Amino acid sequence: MDLGLRGRAAFVAASSKGMGRATAECFAAEGADVGMCARGADELEQAAAAVRAHGVRVVARPADLSDGAQIEPMLTEVAGELGRLDALVVNAGGPPPGFFRDLDDAGWQRAHDLTLMSAVRLVRAALPWLERSDAPSVLFISSFSIRQPIGNLLLSNAVRMSVLGLAKSLATELAPVRVNTLIPGMVRTGRAIALAQSRLREGQTVDEVMAEHARQVIPLARYGEPEEFARVAAFVSSPAAAYVTGAAIPVDGGIIQAP
Ligand SMILES: NC(=O)c1ccc[n+]([C@@H]2O[C@H](COP(=O)([O-])OP(=O)(O)OC[C@H]3O[C@@H](n4cnc5c(N)ncnc54)[C@H](OP(=O)(O)O)[C@@H]3O)[C@@H](O)[C@H]2O)c1
């Protein structure tokens, strides 16, 4: 199937590692130019070089998405250099683990800025470009915490619900811009490995912790690979998914128990 991405341009936020990077590579493999950002300049440049190797134009700029002042200038510069924007993938690092009694107002505010306000600001900055496209798409990368709370990830459980509400509202308000959400389950990225490390028992390796956990809770009995997530992200963002909007789609190996 031709996704119809060749000659288009996509911006993937938080894309030096993990699902963001894999998604950027997938767009490039389909022939789309790609905009990228992350905080760490060196890793971002390495990732940009790998994406560029697919023979497309790549514009990458370091930016901290939790800092409201950095988003609009960064995205405007990237889209300006690419000359167009057809797809925006909203992504950021996840909020830190923690339980209710550990969290003060500053922690809640940081999660709000990182997860909700980065999404608001990315869409606001991208909109003037998306409105010039004949196949505009916004895709939010969320978490299975929006379907079932995750034990030690209270901030993710709470704040991501507001992004889901934002996405669903925008699907109506911004149409014909298509607005969708992807719900990753457990995907083998640096973040997933770090979370598994926090559950290590004596004598266990991280791989053993992840394999045991996967057998217990994931019907497909393994973590997903970033590329498996990325292929769905590129498809949902592409003209091939032209009638899909307002959807929240799991890519989760079956971990979500709700129907
Ligand atoms: N992996 C999973 O199993 C899983 C499951 C459910 C949900 N999620 C969520 O999906 C999202 C992506 O996760 P991932 O596993 O792909 O993460 P990852 O491998 O840790 O990669 C995160 C990416 O985001 C960038 N980033 C982090 N904070 C940023 C900030 N403030 N501003 C700009 N860029 C930032 C990182 O680069 P820098 O550090 O250099 O900025 C990196 O490129 C996260 O929100 C995560 O919570 C992941």
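In this predicted model, helix 7 has a buried set made up of Val206, Val209, Met210, His213 and Ala214. These residues take up an arc of only 125 degrees around the axis, which places them on the same side of helix 7. The spacing fits a general rule: an α-helix has 3.6 residues a turn, so residues three or four places apart point the same way. The other side of helix 7 carries the exposed residues Asp207, Arg215 and Gln216. For its part, the buried set of helix 7 packs against helix 6 (190-197). The length of helix 7 is also as it should be: twelve residues (206-217) at 1.5 Å a residue should span 16 Å, and the end C-alpha atoms are 17 Å apart, which agrees.

Helix 2 can be read in a similar way. Its buried residues are Leu44, Ala47, Ala48 and Val51. They cover an arc of only 105 degrees around the axis, and therefore lie on the same side of helix 2. Exposed residues Asp42 and Gln46 sit on the face of helix 2 that is turned away from the buried side. The cover over the buried residues of helix 2 includes helix 1 (18-29), strand 2 (33-38) and strand 3 (58-62). With twelve residues (41-52) at 1.5 Å each, helix 2 should span 16 Å, and the end C-alpha atoms are indeed 16 Å apart.

Turning to the sheet, seven strands form an open arrangement in the order 3-2-1-4-5-6-7, with parallel pairing. Strand 3 and strand 7 (248-251) are the edge strands, each pairing on one side only. On average, neighbouring strands of this sheet are turned by 15 degrees against each other, direction ignored. Within the sheet, strand 4 (residues 87-90) and strand 5 (residues 137-141) pair in the parallel sense over four bridges; Leu88 has Val138 in strand 5 as its bridge partner.

Helices also pack on these strands. Helix 8 (residues 226-237) packs on the sheet, touching strand 4, strand 5, strand 6 (178-184) and strand 7. The direction of helix 8 makes about 170 degrees with that of strand 6. Helix 4 lies across strand 1 (9-12), strand 4 and strand 5, and runs at about 175 degrees to strand 4.

One residue of helix 4 (residues 105-130) deserves a closer look, namely Ser118. Its relative accessibility is 2%, so Ser118 counts as buried, the cut-off being under 20%. Leaving aside residues up to four places away in sequence, Ser118 touches Leu65, Ile71, Ala92 and Asp113.

How values were computed: Residues numbered from 1 in each chain as written. Predicted model: local features only at pLDDT ≥ 70, side-chain atom pairs only at ≥ 80, totals over all residues. Heavy atoms only, no water. Helix = DSSP H or I, 4+ residues; strand = E, 2+ residues; numbered from the N terminus. Expected span 1.5 Å × (residues − 1). Buried < 20%, exposed > 50% of the residue type's maximum accessible area, 1.4 Å probe, protein only. Arc of directions from axis to C-beta. Contact = heavy atoms within 4.5 Å. Pairing = 2+ DSSP bridges. Axes fitted to C-alpha atoms, helices over the stretch in contact; angles between N-to-C directions.
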